[in-house]
Amino acid sequence: MKVAKLARLDLAPDAIERTTAQLAGMLEHFADIDALDLDTVQPMTQPYPLQNVFRDDVVVNGLDRDEVLAAAPASEDGRFRVPPILGLDS
Amino acid sequence: MIYTAGPATGNEILIDGWELVVGLEVHVELATATKLFSASANRFGDDPNTNIDPVTLGLPGALPVLNRHAVELAMRIGTALNCTIQRSTFHRKNYFYPDMPKAYQISQYDQPLNVDGFLALPDATLIGIERAHLEEDTGKSTHVGGNGGRIHGSTYSLIDFNRAGVPLVEIVSRPDLRTSEQARQYVTELRGILIAIGASDAKMEEGSMRCDANVSVHRPGEPFGTRCEIKNVNSIRSLGRAIEYEARRQIDMIEAGETVRQETRHWDETDSRTHTLRVKEDADDYRYFLEPDLVPLAPSAEWIKAIADAMPMLPGARRARLGVATGFPADGEAIMVVVERGQDDYVLAVGAAGGDVGRALVHVKEAFAEASATPKLPAGDLAALTTLEVAGLLTATQAKTVLAEIVAAGGGDATAIARARGFEAMDTSALEAMVDQVIADNGPAWAKYRNGEDKALGALVGAAMKASNGKADGKFVTALLQSKRT
Amino acid sequence: MTARTASEIAAGVRSGTLAAAEVLEQHLDRIAAREGEVHAFNLVMTDQARRDAAAVDAAVAAGHDPGPLAGVPLALKDNMCTRGIETTCSSKILEGWKPPYDATVVTRLAAAGAVVVGKTNLDEFAMGSSTENSAFGPTRNPLDITRVPGGSSGGSAAAVAAGFASVSLGSDTGGSIRQPAALCGVVGVKPTYGYVSRYGLVAFASSLDQIGPFTNTVHDAALLLDVIGGHDPMDSTSIPDQHPSLLDAIRRDVVGLRVGRITDLPDGADPDVTERLEAAFDALREAGAKIVDVQVPAFGYGLTAYYLIAPSEASSNLARYDGVRYGLRVERPDTNAMYSATRAAGFGDEVKRRIMLGTYALSAGYYDAYYGKALKVRRLIADDFDRAYEHADVLLTPTAPTVAFPFGSKTDNPLAMYLCDVYTIPTNLAGHPGMSVPFGTGQHGLPVGVQVLAATLGEPTMFRAAAALERAMS
Ligand SMILES: [Mg+2]
Ligand SMILES: [Zn+2]
């Protein structure tokens, strides 16, 4: 299933089947909004209308590298270590 | 100046009858103190993972807050590129990659900050700018094991997030470029602008300026061909080579009856070729949606005006100004070089100090290649030197010698140095007598010259220089001969 | 078990007549007695709480004022970052993760003298309405341990209901504070979007999430919200204006207040619940309020809009759990395989379901049909509410359609579970405040909550109405 791949979820075939059925059921239920005439409605993307929120360009000391790397699954030479990067787009 | 359409195409820029179409996407890192959405330092070359914070690492619960200065620098870029600065929003571009901490990049999508501008190449060709938008940089992966740092065949990779979240402006040109040389000029010009406005140090070798090229070929009059995007071009020189290689590759394919696939290709410096990185397919599903953790960015008219009012003079205008002052062509080598080095103000200062700006331009171009924007030599000293030259008291060669001495000493009196070196220049009346003698001795050449054969002038000047044992100033001699022709 | 209110505790501790340490021990005793069966907490922070309480007492002894929450034992939903203390979101993918920073609310609570007793259980990543979706086992309703406490902030609701903490914080994305508050018989508030900083709250759906209090009284909720509310420069969506004091607001009566009854409210609430709602209208009328009829036609479409918008945002917010920088990693020979294996092992079924739903709703070719359309419905709902608020100052609805339900009764049918939030969701979509006030009992003697809704930044009015309901019950 393309969606599981996009979401990077390694699902067993039966799980995919079950989830697909559940999602289909939900989407069927969510078709209730198809009855609405939304052509002239502007999408609402912000619950509270703010704009131009900034911070000043001033350095604040960040996190301690050792503390952060200690919590990482794998690290080496002050960096996070990952298996070979294959099959991913850069 | 109003940008209208792409540049006119002429047959002289066709390759075997094929027209090349190039659009460039240039990413520049902004010269801010901190990152785009957080307060850790934006600094190149620090120890790995020392400029990190919850936002940079995409820790759970961390939230972005927009850096005002980054916006200001982006607005300067928009202004310099003649863009409209507009209300804009941020989107999430979702994709998984280990150097992308949140698994999405915050970028501007359908409402970028700067739109619809243009950049004028030195020869006044206008290249359209589609947009120049703000976004965050990724971290850096180092591939360990395998063949020399390449991703393929590596045994593992290490990630440094210092660069993650560094503010970028992505400048997208319209597909208006028709030659690799134009592409080089575009990037060179853009770089000059970015440095002049203080937006970026624009160092391709350090990655603070990165360039992707969209290349296609087609027969003139036919629709554009399928384009390939070339990544990993690390210098302006490589950019030209990569475009040329890619154009050739596409032409050869089409002529062999094959079809060009839309794909992302990688420029490999070691074998001077482009290689397939990935084929564009529907796997490229970034699921863009408005970043709910940020609010719209809508610069006020006053803010936009303040940015415009504070704009420094840009390279193109500075070249034009120097061209007018010196009479040299504005897109000629001397002016290009001196303005690129930022030494044009100095050249003009020499003029203001009573010197000859043309000679000053040539001296500055040749003697101050290593110098910073303002050479460490009082403009008055160089002015005095050029005055001696104009008066014919020093030859070009002698002037160079004197200048080298003044530069080494950080200043000095040209007259005194010339005298000390025994450069007793001929005075004007002596020179005039000598030129008269040359005319008398070279009757046939003089006659040709008077009859309109300009080529004959060279022989006369050469004879005069010889007669003066090289002490006469060639330009002055030329001027004297010209004045005697009429 | 007569727990003193936070207001009383703080007043006593500040005046030196009550020791924070003593108050804490009473709460720790109750935890020791019942936490085993209730399972409200993922972590009880006994040692640190004792140190903090001692520090509060020492401050008082030294003549300093520890602040408006001096010595108040407080529980935090385990999706708020606490520096050096495990923050798991009840997910295996974050098990053992200790954030290197504090959420803004945590910093503010500490500055106000509160004593954090523990991190409470939740539906994994706040996705659920029963706290059955926790990777560490469900929380039980302290009023009937065969029943759910509601969710997703079930642990925080249960902690207050069981007297484990005087007050607690939860987060509400579609009802996750108000619904468990109703099911556990406590007060729960979802403030206006932007009222409380989200910095350090692990995101579920960023445009809907808000932190809010669980308390035993409306007064305590006002006290707590006055402490945690207000502008935070670390959250770009934080409202910059100064909020008026809610403690002041609740002193006012409701004479002349226009209380709206939504005549086209979707039905589906049990009769015992609607009966209590009617009683609430009566109580406010008796207190001098005017009951008016209003319409919110798009109310019923909230569920659909919500279940497209929230999973979409969640699919993006939860993409960062990739096994690279923190949390679980399942080793695989390449990074892409490691991602998929890690996420498959680390997330529970409901989280996966919502990630898949959201990924689908945002994906190329489906955006307009699902996510894009949902944003338009969201606008319709907000506009409908705005029109209703021209005629009414507050609206009353049931908080949840039913009283607390038995474990497992809805776990097989995601849609049935989603319907628990039918009355709470539209408020999140509109960005408005809402709160649940316990208003008597229904079936099986279980508590019923009445929901008070108000327009953007209508907290003072909402609290006035809530206080009036509370007075009517005492
Ligand atoms: Mg691009
Ligand atoms: Zn970009």
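**Metal site and helix crossing in chain B**

In this predicted model, the magnesium ion (ligand 1) lies 4.1 Å from the zinc ion (ligand 2), and Glu170(B) coordinates both. Local features need pLDDT of at least 70, and side-chain atom pairs count only at pLDDT 80 or more. Residues are numbered from 1 along each chain as its sequence is written.

User: What makes Glu25(B) and Glu170(B) donors of the magnesium ion (ligand 1)?

Analyst: Their OE atoms lie 2.6 Å from the magnesium ion. Donors are N, O and S atoms within 2.8 Å of the metal (3.2 Å for Na, K and Ca), and water is not among the atoms, so sites may look incomplete. Glu25(B) belongs to strand 1 (residues 19-29) of chain B and Glu170(B) to strand 10 (residues 167-173) of chain B, 145 residues apart. Strands are DSSP runs of E with at least two residues, helices runs of H or I with at least four, numbered from the N terminus.

User: Why is helix 7 of chain B called oblique to helix 9 of chain B?

Analyst: The axes of helix 7 (residues 344-352) and helix 9 (residues 379-390) of chain B come within 8 Å and cross at roughly 60°. That angle makes helix 7 of chain B oblique to helix 9 of chain B. Angles under 35 degrees count as roughly parallel, over 145 as roughly antiparallel, 65 to 115 as roughly perpendicular and the rest as oblique. Axes are lines fitted to C-alpha atoms, for helices over the stretch in contact, with angles from 0 to 180 degrees between N-to-C directions.

User: Which residues of helix 7 of chain B meet helix 9 of chain B?

Analyst: Tyr346(B), Ala349(B) and Val350(B) meet Ala379(B), Leu382(B) and Ala383(B), where contact means heavy atoms within 4.5 Å.

Notes: Chains lettered and ligands numbered in written order. Heavy atoms only, no water.
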